[in-house]
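Here is a friendly walk through one protein. Have the sequence and the 3D view open as you read, and look up each residue when it is named.

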Amino acid sequence: MPRDLNFSITDVERERTNGMVSVQYSPIDSLVITADYIGTRALTASNGFGWGIWNSSTDGSPVMGYEIDENGTALYAQIRGGDGSFTADRNTTEVKAESIGLNLDWTANDSWRFSFDYHDSSNKIDNGADDGLGSAGQIILGSDQLNSKVYDYRTGEIPHYLINWKNGTNQLTPGEIDSNFSQFIHSPGESEIQQAQFNTEWYPEFIDALIQVDFGASYTDQSMSGTTAWSGLRGGPGFNPSYTEIFPDVMFKLHDASDLLDALSGGGGGINPSYYYTFNFDEAIVRQLAYITPEIAGDNYYSIDPYIDGIDSSSLVEEETLALYLNTKWGFDIGDVGVNVNLGVRYEQTDTSSTVKQRVEEQVVWASPTEWIMKYVDGGDDNYLTQTGNYDVWLPMLDIDAEVIDDVIVRFSAGKTIARPLLGDMVAGRSLSGSPKIGARRGGSGNPGLLPLESFNLDLSLEYYYADASYAAIGLFHKDVDNFVSRSTSQSTIDGLHDVYNSPRYLEAISQLETAGTAVNENTIFAQMIANGHGNADGQIVPLDSDPLIVWDLTSPVNSNKKSVQGIELALQHVFGESGFGVGANGTFVDGDVEFDPYSLAQQQPLEGLGNSANFQVFYEKDGLSVKFTYAWRDSYLIGVGQSQGSADAPPQYAKDFGQLDASINYDINDHITVFLEGINLNNEVEQGYGRFEEQFLFARQYGSRYALGARMSF
């Protein structure tokens with residue numbers, strides 16, 4: 001059964017400013033000193049509106065009717081309880097990046113050359129760049145005054161829903177729209193990296209076949225830090241109590257949804273619901289601040305301050321890497337065939353450390369029929385945790401190329417490479433959902449002990465350069481991959497976090513409702529427990545020490561077992577003489593441990609993000625004019641395991657096949673100025689995702705076509 005279904009529209013504006021300066025100085029002919037600075041400021045602002053439904057998990061009989069297919073996927077369901085909502089989101093994020101570099105290059109003589117390179121870079125991100133808000137905000141209004149909800153995915157490419165409201169229609173009126181909750185998050189962060197490398201180039205003269213020897217050492221120190229502050233769920237929450245009177249009807253604007261997702265069957269004029277409301281983000285805040293005060297709502301008063309109870313968490317991850325390397329270049333003949341060889345090895349040692357500070361969870365409160373809220377210890381000691389990890393690797397490599405006949409080159413390479421874990425995956429500590437609804441009790445933790453992905457690679461290719469700028473190529477590859485970082489989900493309980501759900505009081509309420517012949521859903525269970533005297537002064541239900549412990553689905557990054565992937569690459573480019581016209585095509589086709597068995601509920605860790613792909617391009621390039629049309633296709637592939645509303649079996653996320661047409665025109669006015677026109681996604685392609693089967697809809701995104709007109713200048 002679907003957990004939720006939401007539609008949304010988001011407007012995004014981006015502004016980017018770059019600056020770069022480079023200075024070179026040569027005090028003597030053999031020494032060149034280069035200093036450079038790069039600065040970037042990027043601002044991304046988004047305003048979005050959404051509307052949707054939430055289906056809660058309760059005992060009893062919330063499902064009134066359903067239709068499932070042969071794989072057990074619900075194509076149709078009518079469900080009691082839950083709510084319908086209209087949401088407004090606002091987020092303005094600023095990214096400031098700076099990099100300072102220094103390079104010394106000294107040619108001592110014909111045989112020896114030395115270089116030293118140092119860079120210090122930083123990247124600061126702040127999602128509180130909105131001058132008025134100072135955070136990323138979400139306002140959810142709506143209602144739980146419904147009889148049932150209908151989910152229908154029997155036709156078309158997108159599912160539909162209808163709500164049977166208690167007003168006797170499928171459309172909520174403005175006067176019935178209530179405050180569910182709002183939340184405001186501020187999570188600034190910074191990443192820094194310092195790198196230093198010393199390299200020596202030696203050109204020996206006593207071995208004819210040995211052309212060059214490179215050796216040296218490098219040191220890298222990178223870190224990522226950040227804090228998170230969360231307002232909690234403010235205003236209500238969960239329509240308990242009701243505040244419909246604070247929003248005038250004129251605050252809501254009714255829209256026709258028939259022009260949305262029109263590139264998909266079932267979208268456009270066939271979309272359901274066929275309407276949605278929008279409202280002024282600022283007005284909704286002002287009205288709730290004025291009315292939902294501490295005198296009215298107690299501890300649940302409305303606030304837009306993410307620091308209302310301090311910083312919720314802070315984290316720091318540091319990674320230091322020392323590397324030594326040796327590389328040799330050889331050139332010799334075998335008969336009449338010239339052969340080039342690169343042979344080398346690299347050794348790396350890495351140490352990681354992560355320190356986090358987190359608040360102490362106290363209890364999970366059932367705040368309203370549709371909302372559960374995590375409460376934290378007031379004034380309690382924060383949790384401090386430091387974890388470390390380390391690893392070292394040897395990385396040998398061999399590259400060989402030979403022109404076996406005129407214009408035909410054969411290449412072979414073998415070697416071991418690594419891909420380091422993301423710093424964000426190595427943050428220590430554990431986090432739990434601040435809104436742990438039934439069926440959505442999730443948490444996560446990092447893993448500072450993650451090892452890098454290690455891949456032993458074999459590549460063989462044949463290239464034929466049959467004319468100027470024209471060639472055909474075929475390549476075969478095989479990769480044995482170890483320590484691929486995947487996600488593992490386990491179920492666990494945490495001491496002290498007890499659960500109202502399935503407690504004796506909860507089960508007693510269900511029994512009473514069934515005896516009375518009353519439909520059992522989250523609304524009626526909550527009301528019955530309140531009637532039985534289990535609510536506190538705020539009308540919320542708190543857990544008892546005798547209640548069972550909450551079962552959490554905790555997800556963390558882990559290193560998976562060894563896997564392999566192999567495939568073939570094809571490429572062709574042909575230029576039609578001196579005309580400037582040409583065509584190009586390439587494709588990659590893969591096989592290996594990339595399959596997820598949709599019929600198994602055991603956790604699986606196949607390689608993610610791998611699939612067949614192809615590109616086709618026609619172009620004209622001559623006399624400073626460049627015109628290109630490119631069609632890029634990618635077959636369906638596994639995005640990853642685990643879903644935002646998933647379960648302990650870590651179900652998959654797949655992307656459907658995707659094909660996009662882009663075009664660009666560039667013209668060099670002179671050596672310093674280029675004007676350009678770009679068109680992206682001219683065919684209005686959409687992104688779609690699904691779960692175990694295509695009938696398990698996850699997302700559909702329609703961006704439309706985008707255009708850019710501009711100029712590039714260099715001095």
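## Helix 4

Let us begin with helix 4 of this predicted model. Its buried residues are Glu-522, Thr-524, Ile-525, Phe-526 and Met-529. What do these buried residues pack against? Their partners are strand 17, which covers residues 361-368, and helix 3.

Now look at the two ends of helix 4. At its start, Asn-521 points a side-chain oxygen to within 2.9 Å of the backbone nitrogen of Asn-523. After helix 4 comes Gly-533, which has a positive phi, near 90°.

## Where helix 3 meets helix 4

Helix 3 runs over residues 504-516 and helix 4 over residues 522-531. Their axes come within 9 Å of each other and cross at roughly 105°. That angle makes helix 3 roughly perpendicular to helix 4.

Which residues form this meeting place? Helix 3 brings Arg-505, Tyr-506, Ala-509, Ile-510, Gln-512 and Leu-513, while helix 4 brings Thr-524, Ile-525, Gln-528 and Met-529. Sorted by class, the contact has 6 nonpolar, 3 polar and 1 charged residues.

## Helix 1 and its two sides

Helix 1 covers residues 281-291, and its buried residues are Phe-281, Ala-284, Ile-285 and Gln-288. If you look down the axis of helix 1, these buried residues fall within an arc of 100°, so they line one face of the helix. Here is a general rule to keep in mind: an α-helix has 3.6 residues a turn, so residues three or four places apart point the same way. On the other side of helix 1, you will find Val-286 and Ala-290 exposed.

The buried residues of helix 1 pack against four strands: strand 5 (83-107), strand 7 (136-143), strand 10 (178-186) and strand 14 (275-279). At the start of helix 1, a side-chain oxygen of Asn-280 comes to within 3.0 Å of the backbone nitrogen of Asp-282.

## Two residues in one loop

Next, visit the loop between helix 2 (294-297) and strand 15 (313-334), where Ser-303 is found. Is Ser-303 buried or exposed? Its relative accessibility is 9%, so Ser-303 counts as buried, the cut-off being under 20%. The side chain of Ser-303 reaches the backbone nitrogen of Asp-305 at 3.1 Å. Setting aside residues up to four places away in sequence, Ser-303 touches Phe-184, Ser-231, Arg-234, Leu-289 and Ile-308.

Asn-300 is also found in the loop between helix 2 and strand 15. With a relative accessibility of 5%, Asn-300 counts as buried. Not counting residues up to four places away in sequence, Asn-300 touches Arg-234, Gly-235, Gly-236, Pro-237, Ile-292, Lys-375 and Gln-540. Arg-234 appears in the contacts of Ser-303 and in those of Asn-300.

## A buried glycine

Gly-429 is in the loop between strand 20 (408-419) and strand 21 (430-432). Gly-429 has a relative accessible area of 14%, so this glycine is buried.

How many residues apart along the chain are Gly-429 and Thr-355? They are 74 residues apart, and their C-alpha atoms are separated by 8.1 Å. Leaving aside neighbours within four places in sequence, Gly-429 is in contact with Val-356, Gln-358, Leu-385, Gln-387, Gly-444, Ser-445 and Gly-446.

## An asparagine in strand 5

Strand 5, one of the partners of helix 1, holds Asn-103. At 21% relative accessibility, Asn-103 counts as partly exposed, because buried means under 20% and exposed means over 50%.

Asn-103 touches Val-32, Ile-33, Thr-34, Phe-116 and Asp-117, again without residues up to four places away in sequence. With Asp-117, Asn-103 shares a polar contact of 3.2 Å between side chains. Between Asn-103 and Ser-115, which are 12 residues apart in sequence, the C-alpha to C-alpha distance is 7.2 Å.

## The whole protein

Finally, zoom out. The secondary structure comes to 4 helices and 37 strands, and the C-alpha trace spans about 95 × 55 × 50 Å along its principal axes. Of the 715 residues, 42% count as buried.

What share of contacts between residues at least 6 apart in sequence join residues at least 24 apart? In this protein, that share is 73%. The pair of Gly-429 and Val-356 is one contact you can look up in the 3D view.

Methods
Residues numbered from 1 in each chain as written. Predicted model: local features only at pLDDT ≥ 70, side-chain atom pairs only at ≥ 80, totals over all residues. Heavy atoms only, no water. Buried < 20%, exposed > 50% of the residue type's maximum accessible area, 1.4 Å probe, protein only. Arc of directions from axis to C-beta. Contact = heavy atoms within 4.5 Å. Polar contact = N/O pair within 3.5 Å; in protein donor to acceptor, adjacent residues only side chain to side chain. Axes fitted to C-alpha atoms, helices over the stretch in contact; angles between N-to-C directions. Parallel < 35°, antiparallel > 145°, perpendicular 65-115°, else oblique. Nonpolar A, V, L, I, M, F, W, Y, C, P; charged D, E, K, R; others polar.
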